[in-house]
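Student: I have this model open in front of me and would like a close look at a single part. Please take me through the strands, beginning where you think best, and then work outward to what surrounds them.

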Amino acid sequence: MQPHEVNRFGEEIFDPEKRAIWCGALLAGGLPYLWTHKAKVPRRLAIQQLELSPGDRVYINGEALEGTGIPDDIRELVGPEGEVVLDDFMEEVREIAWRGEDPKWEWDYTRGQPDDSFDAVFCLQGVAHAGDWTREGAELTRILKPGRKLVLGEIAFGVSFHERVAADVHIEYYFEKLFDGLGLPFYLPCWEIEEVRELLAGTVEDIETFRWRGVDLLWGRKPS
């Protein structure tokens, strides 16, 4: 920003705290909007791959869960006799990232759940935040009934995203400026979907992946 910009935008544009608020506001709300309006194709496919029936018990973890409306779609499929259990860790992700740390950690949310107690498990927009997909995958599969599906869905910030950003100086400038305003380096956590596939290969079988315009899906079945 140049000194003359004050004439149009005001003195607060040079206040780091105010800039951080507005840059954070630009990022907020993105996941509900993207999963509701932009990612309708992978949204439908992910829910379909859960293979749900009335009365099923479903576990979902990740970010901005209720905002996407996906838990409501799943509640409708399992009906009043079913159950949907949620662990939304968006604020935990934000707190860790705000400290300048990599928001990946060991998940303990399901430790109190019995083995083989869910008919489907869905990690929705939480793939990037697993500390170790071998460990986290084993825990999510532990609570899944044999023969049932584990589904992962992520609007991802992987290598291809950073390549697309770097391919155009306008896009690179906007992203660098946005993160600089937040006081953070331009780094977005990610697990590449093929890397996750390799780490889950010993835990679930019949693994398939689907990539669509920056959205990664993976699903597999717990061995019977």
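Tutor: Gladly! Helices here are DSSP runs of H or I with at least four residues, strands are runs of E with at least two, and both are numbered from the N terminus. With that scheme, let us start on the way into strand β1, in the loop that connects α4 with β1, where Glu51 is found. Please keep in mind that the model is predicted, so residues are numbered from 1 along each chain as its sequence is written, while local features need pLDDT of at least 70, side-chain atom pairs count only at pLDDT 80 or more, and totals for chains, interfaces and linings use all residues. Side-chain values use heavy atoms, with hydrogens and water left out.

Glu51 deserves a pause for its backbone: its phi is near 55°, a positive value in a residue other than glycine. For background, most residues other than glycine have a negative phi. Glu51 counts as partly exposed because its relative accessibility is 35%; the scale calls a residue buried under 20% relative accessible area, exposed over 50%, and partly exposed in between, using a 1.4 Å probe and protein chains only.

Now to the strand itself. Strand β1 covers residues 57-62, and because five of these six residues are buried, the strand is largely enclosed by the rest of the structure. Who are its partners? Two strands count as paired if DSSP finds at least two bridges between them. Strand β2 (residues 83-88) is one partner, pairing with β1 in the parallel sense over six bridges. Strand β3 (residues 118-124) is another, also running parallel to β1 and joined to it by five bridges. A good residue to click on is Tyr59, which stands opposite Val85 in β2. In β3, the bridge partner of Tyr59 is Val121, so that one residue lets you look across to both of these strands.

Helix α6 is a good next stop. In this helix, which spans residues 70-78, the buried residues include Ile70, Pro71, Ile74 and Val78. These four lie on the same side of α6, because they cover an arc of only 100° around the axis, the arc being that of the directions from the helix axis to the C-beta atoms. A general point helps here: an α-helix has 3.6 residues a turn, so residues three or four places apart point the same way. What covers the buried residues of α6? The cover includes β1, β2 and β3, along with the helices α3, α4 (40-49) and α5 (65-68); contact means heavy atoms within 4.5 Å. Just after α6 comes Gly79, which takes a positive phi of about 75°.

Let us move on to another set of strands, where the pairing runs in the opposite sense. Strand β6 (residues 215-221) is mostly covered, with six of its seven residues buried. β4 pairs with β6 in the antiparallel sense, over seven bridges, and a pair to look for there is Gly153, which stands opposite Leu217 in β6. Strand β5 (residues 205-212) also runs antiparallel to β6, and six bridges join them. For this pairing, find Thr209, whose bridge partner in β6 is Leu218.

β5 and β6 form a hairpin, with two residues between them. Arg213 sits in the loop between β5 and β6, and its phi is near 50°, once more a positive value in a residue other than glycine. Is Arg213 buried or exposed? Its relative accessibility is 70%, so Arg213 counts as exposed. If you set the two loops side by side, you have Glu51, partly exposed at 35%, and Arg213, exposed at 70%, each with a positive phi.

One last residue gives you a sense of distance. Asp180 lies in helix α10 and counts as exposed because its relative accessibility is 58%. From the C-alpha atom of Asp180 to that of Asp56 the separation is 45 Å, and the two residues are 124 residues apart along the chain.
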